[in-house]
Amino acid sequence: MATQARAIEKQLTDKPMRVSGAEAVIRSLLAEDVDILYGYPGGAIMPIYDELYKFQDKLQHILTRHEQGATHSAQGFARVSGRVGVAMATSGPGATNLVTGIADAQIDSTPMVCITGQVPRHLLGSDAFQETDIVGICTPVTKWSYQITEASEIPEIIAKAFYIAKSGRPGPVLIDITKNAQIEEFDFSYKKCTGIRSYKPVPKVDTSALESAAELINAAKKPMIVWGQGVILGRAEEEFKAFVEKTGIPAAWTIMGVSAIPSDHPLNVGMVGMHGNYGPNVLTNECDLLLAIGMRFDDRVTGSLNTYAKQAKIVHFEIDPAEINKNVPVDVGVLGDVKETLAKVLPMVQANSHTSWLEEFHKRDKIEFEQVIKNDLHPTKEGLTMGEVLKLINQETKQEAVIVSDVGQHQMIACRYAKFNQSKSNITSGGLGTMGFALPAAIGAKMGAPEREVVAIIGDGGYQMTIQELGTIFQTKVPVKIVVLNNDFLGMVRQWQQLFFDKRYASTEMVNPDFVKIAEGYHIQAKRVEKREDLESAVKEMIQSKEAYFLEVCVEKEDNVFPMIPSGASVSDVRLS
Amino acid sequence: MSEENKTFTISVYTENMVGLLNRVSGIFLKRHINIESLTTSQSEIEGVNRFVIVVNTTEQWVKRIVGQLEKQIDVIRAYYHTDEETIYQESALYKVKSDSLFEQRQVQNIIKDSHAKIVTVSKEFFVIEKTGFRHETEQLYNDLIPYGLMQFVRSGRISVTKEAMQVSSLINGFQPV
Ligand SMILES: Cc1ncc(C[n+]2csc(CCOP(=O)(O)OP(=O)(O)O)c2C)c(N)n1
């Protein structure tokens, strides 16, 4: 497909041809190697859909059941494949339905290009039917946005959109195209964008920063790494692993970074943050050097900043200059693409092992195992736990699956207990915490990595926010596996109500429909499990299924996720119960 | 770094694009920081615009804001400066009833003493222009109020820095990869 698209691109670059703006959009997408996009039609974008019809052998359009679903599918696609996800919608309500997904992609740095139709240029500002200032609405949540009002702008702007979306720190770009620009004809030729004078995607590496970093690394007695999604976005998994192994530094991850190195790697010490592991959270406040690599010190990771790693020297490897010193003041900021900076720092650091320091992590792992993990993974009580479901999924997928999680307790359990052998495997809404993300994101993930098993882990609440995407699954036959961990509650909010609002369960109890019947209504194989003895065989059956499969697991209603750093508390005040 | 609120002048060099003002001002809105004044015009470089934005905040915040501004695709470069590092002025226009100019000697003295310029005189009104520091334009405002100020308007701060800002060399050094 990619080579075919390149051939088309070449042909297009060579000689201009007279086409409509709508056809130019399609040809531009093909020139950018796009072979799939997600969207929903409507009046202001019909000329482009008409061209999609003509080009359907080259460019597959997936009709989601809601535009929000289109954005999350494009995100899921982008996150597993490392390619740019594309979503499309009509003007007005179609466009505003994209906003949540765009905001999600912005905060989680996901490369995505969204194309919206707009009323014709002469009607702009007249409150025409389905006119919305979508560029204005999306400005704060896009990396870049632009309104095209003339067909001749299309190739250059789409080329810029793709360049911006995927270069440097990736992000979403919105292109709004007035209807007249879709209809007008012009001489089309395409040239990929290779640079923009006002935009510097990758800062130059400063050797002295590398030297200062290496000095601190070599001198440290109790160093610790916290890595984030930057390692994955920078395709720096190899360099990162080499760095960790040479320096022998215990490495912990944020939920966006997990899977960059295998879960079972001996130096992988687990997750930091609000529901992270006990060891790395507590030891953040005991280490003498904190190496932050491709992460952004989100408040869900740091807890209270006033007490965060105050004793430690901090070195921050980061591509985005605006992130250095944004939340946590650092001793050394190493700007640059981590693939480059990690490769360059590697020969400057001494081979080392920190055995007794690593032992500090293991000691705390044992405490966490006794107080939390044992009950989650090997429960002795009657009710099913979310953790045991994850354990079985690990077992049945041999840790090779892409796990797509929604938002809530099940998300934290999925991130804590899912095990990964390969990168780009944990797809979740980290920064925005968007309920409804997982089902459509799983569709995109499966299409972006068809050879991989994709399992969505969703709560009964979030599932009902985008449940209509079952229609997309039915229509496209995309074989995603859907697990709803049903506690009949908006579990995470209920947990906070229990712990911090004296159990006043305001509007968190859910009266749920028969989820199995709903899935069956869409002709998706479905099963409900209520007892432990039925769980393993059901998970097996789901994973072995060649088709989409829906599994509802009725779990304990009022379980809580621990460890937990109460919001505003210090990482070292992480609670185990 | 000082946690004290101070006046900072932020200079933003940008491409000349529709919607950029929205993107620039949104950065302040998102952080709930009030803009004291904002002007935008063509800069010394052809095709490049310059925003001059005055804010009252801490140095820590102004640094973050400049970081966020620079991150925007169409922003070429952003800087911040203290009052001591810039030469700055504001312009004000005052529309006064013509009667007072002819009938009250005082008014003529006020104009002379303030080094203001009379821009236009008609039968009904005259317009005075004064460029200077905020306290100077404010002084003239207070002085003229008793004589029937019909309209008053003041521009945002315009400023140049004492040090050079290397925007031209940045643009000239650009090469697509
Ligand atoms: C769109 C959206 N609305 C509200 C929230 C706030 N919220 C966070 S977790 C949660 C509960 C999720 O419940 P459920 O999907 O059942 O998952 P559980 O926590 O029970 O695993 C809510 C309401 C959110 N994250 N996203």
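# Briefing: strands, ligand shell and annotated domains

At 18% relative accessibility, A:P47 counts as buried, because the cut-off for that label is under 20%. Keep in mind as you read that this is a predicted model. A:P47 is part of helix α3 of chain A, and that helix is a good way into the strands discussed next. After them come the ligand, a contact between chains A and B, and the domains that UniProt records.

**Helix α3 and the strands around it**

- The C-alpha atom of A:P47 is separated by 52 Å from that of A:V330, a residue 283 positions away along the chain.
- Strand β2 of chain A covers residues 36-39, with A:I36 and A:Y38 pointing one way and A:L37 and A:G39 the other way. All four of these residues are buried.
- Four bridges join β2(A) to strand β3 (residues 60-63) of chain A, and the two strands pair in the parallel sense.
- Between these strands, the chain leaves β2(A), passes through helix α3 (residues 46-54) and arrives at β3(A), giving a right-handed β-α-β crossover.
- β2(A) also pairs in the parallel sense with strand β4 (residues 85-89) of chain A, here over two bridges.
- A:G39 is a handy residue to click on: its bridge partner in β3(A) is A:L63, and its bridge partner in β4(A) is A:M88.

**The ligand and its shell**

- There are 18 residues around the ligand, and those that come nearest are A:Q409, A:H410, A:G433, A:G462 and A:G491.
- The side chain of A:H410 places an N or O atom 2.7 Å from an oxygen atom of the ligand.
- Two glycines approach through their backbones: a polar backbone atom of A:G461 lies 2.9 Å from a ligand oxygen, and one of A:G462 lies 2.7 Å from a ligand oxygen.
- On its own the ligand would expose 580 Å², and the protein buries 77% of that area.
- Which elements give two or more residues to the shell around the ligand? They are α18 (409-417), α20 (460-463) and α22 (491-500), which belong to chain A.

**A:T142 and its link to chain B**

- You will find A:T142 in the loop that runs between α7 (134-138) and β6 (144-148) of chain A.
- Is A:T142 buried or exposed? Its relative accessibility is 2%, so A:T142 counts as buried.
- Within chain A, the side chain of A:T142 reaches the backbone oxygen of A:T139 at 3.3 Å.
- Across to chain B, the side chain of A:T142 makes a polar contact of 2.8 Å with the side chain of B:R23.

**Domains recorded in UniProt**

- For residues 406-553 of chain A, an unreviewed UniProt entry gives the feature "domain: Thiamine pyrophosphate enzyme TPP-binding". This span is 41% helix and 17% strand, and its end C-alpha atoms lie 15 Å apart.
- For residues 210-344 of chain A, the unreviewed entry gives "domain: Thiamine pyrophosphate enzyme central". In the model, the chain over these residues is 32% helix and 20% strand, with 8 Å between the end C-alpha atoms.
- In chain B, an unreviewed UniProt entry places "domain: ACT" at residues 9-89. Here the chain is 30% helix and 46% strand, and the end C-alpha atoms are 12 Å apart.

Conventions. Residues are numbered from 1 along each chain as its sequence is written. Chains are lettered from A and ligands numbered from 1 in the order in which they are written. This is a predicted model: local features need pLDDT of at least 70, side-chain atom pairs count only at pLDDT 80 or more; totals for chains, interfaces and linings use all residues. Side-chain values use heavy atoms; hydrogens and water are left out. Buried means under 20% relative accessible area, exposed over 50%, partly exposed in between (1.4 Å probe, protein chains only). Two strands pair if DSSP finds at least two bridges between them. A crossover is right-handed if, with the strands pointing away from the viewer, the path from the first strand over the helix to the second runs clockwise. UniProt positions are given in the numbering used here, feature names are shortened, and annotations may be inferred rather than shown by experiment. A residue is near a molecule or strand if one of its heavy atoms lies within 4 Å of it. A polar contact is a pair of N or O atoms within 3.5 Å; within protein, one must be able to donate a hydrogen and the other to accept it, and residues adjacent in sequence count only if both atoms are side-chain atoms. Accessible areas come from the Shrake-Rupley method with a 1.4 Å probe; for residues, only the protein chains shown count as cover.
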